[in-house]
Amino acid sequence: MSLLSFGPRNSRLLLSGRFLPVQPIVQRATTGDVTTSASYKYISRRTLANLSASRSTKQSTPATSSLRAILAKSRTVPSRNSSTMPADNKHTMATSGATDPVWVHLQPFSALPKFSALDKDLTTDVCIIGSGIAGISTAYELVRRGKEVVLLEARDVLSGETGRTSGHLTNDLDDGYLEIVKKHGKDGAKLAAESHAWARDRIGEISKELGIDCEYRRLPAYNVSQYPVGEGKHNEEIQELKEEAEMQKKIGMETRFDDNLTVRGWNGKVNQRGGLVADNQASFHPTKYLAGLLSWLAKQPNFQCYTHTRVMSVEEKGVELLGMGHKSVLIETESGHTVKAEHAVQATCVPLQKLSIITQLEFYRTYCIAVRVPRGSVEDCLLYDNAEEYKYVRLTTCDSQDDYMVVGGCDHKVGQEDTLPRFDELETWTRERFPQAGRIDYKWSGQIFEPVDYMAFIGKNQGNDKIYVVTGDSGDGLTHGVLAGRLISDEIDGVENKWAKLYSPKRIGSILKSLPSLVSHDLQINAQYKRFLQTDITDIEDLGKGCGGVLNPKTSKPVAVYKDENGEVFTYSALCPHLKGVVCWNAAEKSFDCPVHGSRFSSEGICVSGPAKANLSPVDKSGEIAQAA
């Protein structure tokens with residue numbers, strides 16, 4: 001996914017500025033997603049403060065009484081054992097959406113390694129927070145070097161974005177090297193290609209060494225025009241692809257342009273011919289690989305893993321100056337237990353903090369379908385078109401008769417556009433090009449964290465000496481995650497790494513080159529606070545079963561409401577714990593998503609994606625019961 005507009009000072013503009021963009025209260029449909037209008041007015045900070053004060057008052061008003069009455073008449077509070085409990089906290093613990101990715105076809109959630117919750121205080125060399133590919137890969141590299149490692153996870157292992165990826169392994173980076181050169185120069189682009197190639201190959205090496213059957217294989221990547229042959233813009237994009245191929249060759253990649261390229265199996269009416277070919281790329285089954293890696297780690301005496309252990313604070317303690325004194329890191333969990341470590345790694349997709357690096361990221365949803373195609377009827381390759389919100393394609397195993405063709409794309413900013421129509425768009429695109437496509441068995445979505453300058457942030461966090469972060473996957477999170485294992489392990493060991501500067505969270509030069517887009521992003525983010533004066537529903541009775549929305553009375557705080565399939569109602573604060581953005585309902589994943597910095601919460605209000613650390617606060621007993629189930 002290519003970068004759109006971006007912003008570094010982000011919420012600093014919001015917090016220090018005098019005005020905020022807002023929009024009058026509107027009512028929307030409650031059977032699908034929340035959408036917003038592009039036009040807005042401005043409200044003074046003092047006015048907003050007064051509004052917030054009036055909403056936080058404990059004094060009863062006609063409006064708050066009305067809200068209580070609406071809530072009271074709309075549900076009876078279920079008991080802990082009620083069969084009408086919102087579906088499936090177990091599913092929320094297993095993955096970050098209501099849908100299931102194709103990877104569960106051969107690797108169900110029940111087959112993943114299980115660990116217990118932390119029940120004591122610990123001391124260790126390195127504490128890693130987050131059990132996706134970045135956290136597990138970093139643990140593997142450190143354990144192999146003899147470090148004692150503790151891995152903490154708020155839910156089940158692999159319950160985050162790694163389990164919802166499309167599984168591409170490539171150094172044909174989606175932002176394109178023509179753009180990367182503008183930010184990092186030709187030498188930086190060469191380091192990017194080299195480091196992602198190492199990560200791509202590293203998965204093959206480890207899976208072979210440990211005997212992990214994860215469908216790892218080498219295959220070509222094809223980049224083609226989004227427009228059919230004969231349309232005017234087709235020739236323009238072909239020229240862009242030729243220039244990109246030439247740049248990739250200059251920095252040492254195995255890339256060429258093929259004027260006669262055709263994708264075997266692309267037999268539809270849309271005429272595609274010609275494209276960039278990047279040889280020697282790879283594909284795999286991500287959760288089978290990482291489950292194998294975790295099984296190996298679990299047997300090592302210097303590794304411990306604890307799940308259902310939500311981290312609330314990661315802080316450096318002590319003073320270290322001119323070689324004197326000592327710093328360590330204290331990790332505090334929601335349960336009250338602590339881990340004291342020499343180093344801590346936040347491998348949580350996005351750091352659990354207020355601002356800093358978060359202001360240099362933009363947050364997107366991306367969508368996938370897995371459609372059956374007759375085995376061998378489509379070429380085994382990685383396929384991308386050249387659109388801004390591009391489509392991406394690969395194959396994975398289905399059964400003896402069919403392959404699954406995984407088709408993804410249709411990206412948009414979190415909490416700012418409809419979600420359900422994206423699956424229809426992917427299906428239409430697929431059937432127009434691959435008429436042999438059969439039944440769609442899986443539909444799901446994931447999250448992308450797009451950095452301002454196209455490179456992930458991997459290394460010591462800004463302002464820290466012993467806390468490391470991994471974030472900004474830029475659509476290439478699998479290779480970024482594996483790369484993090486080496487970069488952070490080298491930095492902890494004091495080993496110089498020639499790639500480290502390119503990914504340093506403390507880099508400045510490439511960030512400064514992005515100032516215009518940074519400012520544009522700031523303005524767009526601030527505009528999302530308009531939801532303080534919007535409501536999705538005026539009465540809970542209007543909600544359909546299995547739907548959610550925000551009820552926003554004029555004189556009390558907005559409430560996130562979910563009505564389950566049995567008609568029971570569950571309510572939470574609609575204010576994201578991170579920076580108090582008002583969440584939006586995501587109909588595809590049955591989640592409440594924050595349009596400000598992308599935090600996401602299940603229909604039970606459980607935090608499934610940061611930078612928020614805490615859940616949505618229950619409004620009353622129903623929400624408490626749902627989160628405790």
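Biologist: Is Lys580 buried, exposed or partly exposed in this model?
Modeller: The model is a predicted one. Lys580 has a relative accessible area of 45%. Because buried requires under 20% and exposed requires over 50%, the class of Lys580 is partly exposed.

Biologist: In which loop is the place of Lys580, and what is its phi near?
Modeller: The place of Lys580 is in the loop between strand 22 and strand 23 (584-586). Lys580 is a residue other than glycine, yet its phi is positive. The value is near 65°.

Biologist: Strand 22 comes before that loop; in which order do the strands of its sheet lie?
Modeller: The sheet is open and has 3 strands, with antiparallel pairing. Strand 20 (547-551) and strand 22 (569-573) each pair on one side only, and they are therefore the edge strands. Neighbouring strands are turned by 20° against each other on average, direction ignored. The order is 20-21-22.

Biologist: Which residue of strand 22 stands opposite Val561?
Modeller: Strand 21 (residues 559-563) runs antiparallel to strand 22, and 5 bridges join the two. In this pairing, Val561 stands opposite Thr571.

Biologist: Strand 23 follows the loop of Lys580; which strands are the edge strands of its sheet?
Modeller: This sheet is also open, and 4 strands form it in the order 23-24-25-26 with antiparallel pairing. An edge strand here pairs on one side only, and the two that do so are strand 23 and strand 26.

Biologist: What does the twist average from one strand to the next in the sheet of order 23-24-25-26, and which residue of strand 24 is the bridge partner of Asn586?
Modeller: In this sheet, the twist averages 35° from one strand to the next. Strand 23 and strand 24 (residues 591-593) pair in the antiparallel sense over 3 bridges. Within strand 24, the bridge partner of Asn586 is Ser591.

Biologist: Which peptide bond is cis, and what is its omega near?
Modeller: The cis bond runs from Gly610 to Pro611. Pro611 has its place in the loop between strand 26 (607-609) and helix 14 (621-628). The omega of the bond from Gly610 to Pro611 is near 20°.

Biologist: Glu215 also has a positive phi; is Glu215 buried or exposed?
Modeller: Glu215 lies in the loop between helix 6 (177-210) and strand 6. Its phi is about 60°, although Glu215 is not a glycine. The relative accessible area of Glu215 is 14%, and as the cut-off for burial is under 20%, Glu215 is buried.

Biologist: Why is strand 8 described as largely enclosed by the rest of the structure, and how many of its residues are buried?
Modeller: Strand 8 covers residues 275-283 and has 9 residues. It is called largely enclosed because the number of buried residues is 7 of the 9.

Biologist: Over how many bridges does strand 8 pair with strand 6?
Modeller: Strand 6 (residues 217-224) and strand 8 pair in the antiparallel sense. In that pairing Leu219 stands opposite Gln281. The number of bridges between strand 6 and strand 8 is 6.

Biologist: Which residue of strand 8 is the bridge partner of Phe257, and which stands opposite Leu169?
Modeller: Strand 7 (residues 255-258) pairs with strand 8 in the antiparallel sense over 4 bridges, and the bridge partner of Phe257 is Leu276. Strand 5 (residues 168-169) is joined to strand 8 by 2 bridges, and the two run antiparallel. The residue opposite Leu169 is Ala282.

Biologist: At which residue does helix 10 bend?
Modeller: Helix 10 (residues 477-493) has 17 residues and reaches 24 Å from its first C-alpha to its last, close to the 24 Å expected. It nevertheless bends by about 25°. The bend is at Leu483.

Biologist: How many residues of helix 10 are buried, and which residue just after it takes a positive phi?
Modeller: Helix 10 is mostly covered, with 13 of its 17 residues buried. Just after the helix, a positive phi of about 75° is taken by Gly494.

Biologist: Over which residues does pLDDT stay under 50?
Modeller: The mean pLDDT of the protein is 84, and 81% of its residues reach 70 or more. Where pLDDT is low, the predicted coordinates should not be read in detail. That caution concerns two stretches, for which the model has 136 and 58 contacts beyond four places in sequence. They are, respectively, residues 1-31 and residues 34-66.

How values were computed. Residues numbered from 1 in each chain as written. Predicted model: local features only at pLDDT ≥ 70, side-chain atom pairs only at ≥ 80, totals over all residues. Heavy atoms only, no water. Axes fitted to C-alpha atoms, helices over the stretch in contact; angles between N-to-C directions. Buried < 20%, exposed > 50% of the residue type's maximum accessible area, 1.4 Å probe, protein only. pLDDT = per-residue confidence, 0-100. Contact = heavy atoms within 4.5 Å. Expected span 1.5 Å × (residues − 1). Bend = angle between axes of the 7 residues up to and from the residue.
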